[in-house]
Amino acid sequence: MHDESDKSPPVALEQRGQDADLRMFSPSAARNAAPILAVLKQALPVQGMVLEIGCGTGLISTYAVLNGFDRSLAMDINPEAVKNAKLNALLHGIEHKMTSYVSDIFGAVKPDADNRFDAIF
């Protein structure tokens with residue numbers, strides 16, 4: 001968190017961007033999606049369930065479902081990020097397989113059979 005009394009600018013690891021319809025995106029998420037998906041495909045059954053913590057646009061969850069995984073749960077503490085993830089699920093026609101919540105790390109995850117994950121990011 002940036003201290004307001006500190007006059008130096010906050011440090012950013014990368015420049016965040018927006019596309020034409022104002023959805024926020026992270027260049028590193030797009031750059032890392034294919035290698036992460038390759039590892040998921042090698043390590044998990046196609047029927048796997050993915051939990052993405054700090055989902056941003058939900059890119060990993062979206063890629064996982066589009067590439068054969070049964071379901072994904074995408075969570076972020078930022079409501080705008082969750083809106084982005086939900087919009088991406090809708091745009092890709094996977095809203096029935098991808099759930100997105102505003103939540104801290106595990107606040108939205110209830111201990112039941114529907115919330116057993118094969119991969120957590």
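## Exercises on a predicted model

The largest nonpolar core has seven residues: Cys 55, Val 65, Ala 74, Ala 85, Ala 89, Ile 94 and Met 98. Keep in mind that this is a predicted model. The exercises below start from that core and work outwards.

**Exercise 1. Take Ala 85 from the core and list what it is in contact with, leaving aside neighbours within four places in sequence.**

Step one: look at the stretch from Cys 55 onwards. Ala 85 is in contact with Cys 55, Gly 56, Thr 57 and Gly 58.

Step two: look further along the chain. Met 98 and Ser 100 are also in contact with Ala 85.

Step three: check the list against the core. Cys 55 and Met 98 are core members, as is Ala 85 itself. As background, nonpolar side chains tend to be buried together in soluble globular proteins.

**Exercise 2. Work out which strands pair with β3, and in which direction they run.**

Step one: find β3, which covers residues 49–53. Four of its five residues are buried, so β3 is largely enclosed by the rest of the structure.

Step two: go to β4, residues 71–76, which is joined to β3 by five bridges and runs parallel to it. Ile 53 has Met 75 as its bridge partner, and Glu 52 stands opposite Ala 74, a residue you've already met in the core.

Step three: go to β6, residues 119–120. Two bridges join β6 to β3, again in parallel. Here Leu 51 is partnered with Ile 120.

**Exercise 3. Trace the right-handed β-α-β units that include β4.**

Step one: start with β3, α2 and β4, which make a right-handed β-α-β unit. The helix in this one, α2, spans residues 59–66, and six of its eight residues are buried, so α2 is largely enclosed by the rest of the structure. The buried ones are Leu 59, Ile 60, Ser 61, Thr 62, Ala 64 and Val 65. After α2 comes Gly 68, with a positive phi near 110°.

Step two: carry on from β4. With α3 and β5, β4 makes another right-handed β-α-β unit. β5 covers residues 98–102 and runs parallel to β4, with five bridges joining them. One pair to look for is Ser 72 opposite Met 98.

Step three: see how covered β4 is. Five of its six residues are buried.

**Exercise 4. Find the salt bridge in the structure and explain how its two residues are placed in α3.**

Step one: there's one salt bridge to find. Its partners are the side chains of Glu 80 and Lys 83, at 3.2 Å from N to O.

Step two: place them in sequence. Both sit in α3, residues 79–91, and because they are three residues apart, about one helical turn separates them.

Step three: check exposure. Glu 80 has 41% relative accessibility, so it counts as partly exposed. Lys 83 reaches 52%, so Lys 83 is exposed; the cut-off for exposed is over 50%.

**Exercise 5. Decide whether Leu 90 is buried or exposed, and how far Leu 90 is from Thr 62 in space.**

Step one: locate Leu 90, which lies in α3.

Step two: apply the cut-off. Exposed means over 50% relative accessible area; Leu 90 has 52%, so it is exposed.

Step three: take the C-alpha to C-alpha distance. Leu 90 and Thr 62 are 10.0 Å apart in space and 28 residues apart in sequence. Thr 62, for its part, is one of the buried residues of α2.

How values were computed:
Residues are numbered from 1 along each chain as its sequence is written. This is a predicted model: local features need pLDDT of at least 70, side-chain atom pairs count only at pLDDT 80 or more; totals for chains, interfaces and linings use all residues. Side-chain values use heavy atoms; hydrogens and water are left out. A nonpolar core is a set of buried Ala, Val, Leu, Ile, Met, Phe, Trp, Tyr and Cys residues joined through side-chain atoms within 4.5 Å. Buried means under 20% relative accessible area, exposed over 50%, partly exposed in between (1.4 Å probe, protein chains only). Contact means heavy atoms within 4.5 Å. Two strands pair if DSSP finds at least two bridges between them. A crossover is right-handed if, with the strands pointing away from the viewer, the path from the first strand over the helix to the second runs clockwise. A salt bridge is a side-chain nitrogen of Lys or Arg within 4 Å of a carboxyl oxygen of Asp or Glu.
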